[in-house]
Amino acid sequence: MIAAIVINTRVFLGVINVVNTLGVIYTFIIFGWALLSWFKHRRGVISDIYNLLDKLAGPFVRLFRRFVPAVGGLDFTPLIAMVVVQLTTQLLLLVFSIFFSPY
């Protein structure tokens, strides 16, 4: 019985760590994409990195551009997207903790 609880606890904590890590990684992807968008990059390694980040973060951030216009030339949609990712991550962790907690 105790061995089953230990395994369940390890699986539970593993899932918690994976979900949290994915949320943090995607937040950093959006942040890096937003930072690189400020600079001119036509070719080279920086352009390749930006194109990769644009494929990963661009569609998600563009969802918010429909609802939030730029204010004074500043685009706040990456910030809103990062907040949404973090809130969604925390909500998933809360729901998972409530329904699947081994304690």
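Is Asp75 buried, partly exposed or exposed, and at what relative accessibility? Asp75 counts as partly exposed, at 32% relative accessibility. The structure in which this residue sits is a predicted model, and the paragraphs below begin with Asp75 and its salt-bridge partner before turning to the helices and loops around them.

Asp75 takes part in a salt bridge with Arg65, in which the closest N and O atoms are 2.8 Å apart. Arg65 belongs to helix 2, whereas Asp75 belongs to the loop between helix 2 and helix 3 (77-100), so this pair ties together parts that are 10 residues apart in sequence. Arg65, for its part, has a relative accessible area of 37% and is partly exposed.

The structure holds 2 salt bridges, and another pairing to look at is that of Asp54 with Arg62, where the closest N and O atoms are 2.8 Å apart. Arg62 lies in helix 2, and with a relative accessibility of 37% Arg62 counts as partly exposed, because that value falls between the limits of 20% for buried and 50% for exposed. Along the chain, Arg62 and Pro78 are 16 residues apart, while in space their C-alpha atoms are 8.8 Å apart.

Pro78 leads on to the meeting of two helices. Two packed helices are described by the angle between their axes and by the distance between those axes. For helix 2 and helix 3, the axes come within 9 Å and cross at roughly 110°, and these two helices are therefore roughly perpendicular to each other. On the side of helix 2, the residues that take part in the meeting are Phe60, Val61, Phe64 and Arg65, and on the side of helix 3 they are Thr77, Pro78, Ile80, Ala81, Val84 and Val85. Arg65 thus appears both in this meeting of helices and in the salt bridge with Asp75.

Val85 has a further part to play, which brings helix 1 into the picture. Thr27 is found in helix 1, and once its neighbours within four places in sequence are left aside, Thr27 is in contact with Met82, Val85 and Gln86. Thr27 is buried, since its relative accessible area is 15% and the limit for buried is under 20%. Gly32 is found in helix 1 as well, and at 18% relative accessibility Gly32 counts as buried. Between Gly32 and Asn20, which are 12 residues apart along the chain, the C-alpha atoms are separated by 18 Å.

What, then, makes up the nonpolar surface patch of about 670 Å²? The patch is made by Val24, Phe28, Phe31, Leu35, Trp38 and Phe39. One of these residues, Trp38, is found in the loop between helix 1 (2-36) and helix 2 (45-65). Trp38 is exposed, because its relative accessible area is 67% and the term applies to values over 50%. Trp38 and Phe76 are 38 residues apart along the chain, and the separation of their C-alpha atoms is 13 Å.

Beyond that loop, the chain continues into helix 2, where Ile46 has its place. Ile46 is partly exposed, with a relative accessible area of 46%. When its neighbours within four places in sequence are left aside, Ile46 is in contact with Leu36 and His41. Ile46 and Asn17, by contrast, are 29 residues apart in sequence and 30 Å apart in space, as taken from C-alpha to C-alpha.

To return to the opening residue, Asp75 is partly exposed, and its bridge to Arg65 links helix 2 with the loop between helix 2 and helix 3. The reader who follows Arg65 from that bridge arrives at the residues of helix 2 that meet helix 3, and the reader who then follows Val85 arrives at its contact with the buried residue Thr27 in helix 1.

Note on methods
Residues are numbered from 1 along each chain as its sequence is written. This is a predicted model: local features need pLDDT of at least 70, side-chain atom pairs count only at pLDDT 80 or more; totals for chains, interfaces and linings use all residues. Side-chain values use heavy atoms; hydrogens and water are left out. Patches are made of residues with over 30% relative accessible area and no salt bridge: like charges are joined within 9 Å, nonpolar side chains (Val, Leu, Ile, Met, Phe, Trp, Tyr) within 5 Å. Accessible areas come from the Shrake-Rupley method with a 1.4 Å probe; for residues, only the protein chains shown count as cover. A salt bridge is a side-chain nitrogen of Lys or Arg within 4 Å of a carboxyl oxygen of Asp or Glu. Helices (H or I, at least four residues) and strands (E, at least two) are DSSP runs, numbered from the N terminus. Buried means under 20% relative accessible area, exposed over 50%, partly exposed in between (1.4 Å probe, protein chains only). Axes are lines fitted to C-alpha atoms, for helices over the stretch in contact, and angles run from 0 to 180 degrees between N-to-C directions. Angles under 35 degrees count as roughly parallel, over 145 as roughly antiparallel, 65 to 115 as roughly perpendicular and the rest as oblique. Contact means heavy atoms within 4.5 Å.
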